[in-house]
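The following exercises invite the reader to work through a protein structure step by step. Please examine the sequence and the model before reading each solution.

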Amino acid sequence: MAPVTRNESRVTAFIGLGSNVGDPPAQIRRAMQTLAAMPETRLVRGSSLYRNPPAGYLDQPEFVNAVARIETRLAPRDWLEQLLAIERAHGRVRDFPNGPRTLDLDILLYGERTVREPKLTIPHPRMVERAFVLVPLAEIAPKTVLPGGARVADLVKNVDASALVKLGDDEALDVRT
């Protein structure tokens, strides 16, 4: 494995989490715990859990999604490698695009940076179209501004969130540190 690249100061980043195989709420909780234990990283807050229909490939179970706010010194490429390793440790298999998964972790935002590299695009290219990303993101960081100037609180008004169901407190996350 290549050496890890570190920033001198912490960067605020947001990670999208999703699962629709096994026990999705438990998968998300375990993933949040794993994120909290990452090197050079602090988990600041996790959103509530939201159940929603699948996007893309529709013949699969509903998803449970959340968003995590982190502060990290890890560089974006290193974060991607860490997230892929967490997915694999949780049994993620990539049979086909948008298929069922035990765990899906996506870098949504990394500070104010825009990244365009092979297999890494930040901000996440479809985040502004997805209620299951914007609603939990707006819950924990409504004042966040995306590269280009759009505020999360404004973007969330433009997505159809009618199919999104916020799960009860017994299924919600409490990861504030």
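**Exercise 1. A network of charges**

Which residues are linked in a network of salt bridges?

Solution. The model under study is a predicted one. As a general step, side chains of opposite charge can pair when their charged atoms come close. In this structure, the network of salt bridges links Glu 87, Arg 92, Arg 94, Arg 101 and Asp 104. For the wider setting, the structure holds 10 salt bridges, and the protein chain carries 24 positive and 22 negative side chains. The centres of these two sets lie 4 Å apart.

**Exercise 2. The overall fold**

State the order of helices and strands along the chain, and judge how compact the chain is.

Solution. Begin with the count: there are 4 helices and 8 strands in the protein chain. Next, reading along the sequence gives the pattern β-α-β-β-β-α-β-β-β-α-α-β. The radius of gyration is 15 Å, close to the 16 Å that the globule rule gives for 177 residues, so the chain is as compact as a globular protein of that length. Its C-alpha trace spans about 40 × 35 × 35 Å along the principal axes. Finally, consider the contacts between residues at least 6 apart in sequence: 70% of them join residues at least 24 apart.

**Exercise 3. An enclosed helix**

Determine whether helix α3 is largely enclosed or open, using the burial of its residues.

Solution. The criterion needed here is that a buried residue has under 20% relative accessible area. Within α3, the residues that meet it are Ala 131, Phe 132, Val 133, Leu 134, Val 135, Pro 136, Leu 137, Ala 138 and Ile 140. Since 9 of the 10 residues of this helix (residues 131-140) are buried, the rest of the structure largely encloses it. For the protein chain as a whole, 49% of the 177 residues count as buried.

**Exercise 4. Backbone exceptions**

Identify backbone angles that depart from the general pattern.

Solution. The pattern to keep in mind is that most residues other than glycine have a negative phi, and most peptide bonds are trans. Glu 40, not a glycine, has a positive phi of about 60°. Lys 119 is likewise not a glycine and has a positive phi of about 65°; its place is in the loop between β6 (115-117) and β7. With a relative accessible area of 79%, Lys 119 is exposed. As for the peptide bonds, a cis bond with omega of about 0° joins Ile 122 and Pro 123. Pro 123 belongs to the loop between β7 (120-122) and α3.

**Exercise 5. The loop between α1 and β2**

What does Met 38 touch, and with which residue does Glu 40 form a salt bridge?

Solution. Take Met 38 first, which is found in the loop between α1 and β2. Met 38 is buried, with a relative accessible area of 8%. Not counting residues up to four places away in sequence, Met 38 touches Trp 79, Gln 82 and Ile 86.

Turn next to Glu 40, in the loop between α1 (24-36) and β2 (41-46). Its side chain meets that of Arg 73 in a salt bridge (3.8 Å, N to O). This pair links distant parts of the chain, 33 residues apart, with Arg 73 in strand β4 (residues 63-74). Glu 40 is partly exposed at 28% relative accessibility, and Arg 73 is partly exposed at 27%.

Notes
Residues are numbered from 1 along each chain as its sequence is written. This is a predicted model: local features need pLDDT of at least 70, side-chain atom pairs count only at pLDDT 80 or more; totals for chains, interfaces and linings use all residues. Side-chain values use heavy atoms; hydrogens and water are left out. Buried means under 20% relative accessible area, exposed over 50%, partly exposed in between (1.4 Å probe, protein chains only). Helices (H or I, at least four residues) and strands (E, at least two) are DSSP runs, numbered from the N terminus. The radius of gyration is taken over C-alpha atoms; the globule rule is 2.2 Å times the number of residues to the power 0.38. Contact means heavy atoms within 4.5 Å. Lys and Arg count as positive and Asp and Glu as negative; His and the chain ends are not counted. The place of a charge is taken as NZ of Lys, CZ of Arg, CG of Asp or CD of Glu. A salt bridge is a side-chain nitrogen of Lys or Arg within 4 Å of a carboxyl oxygen of Asp or Glu.
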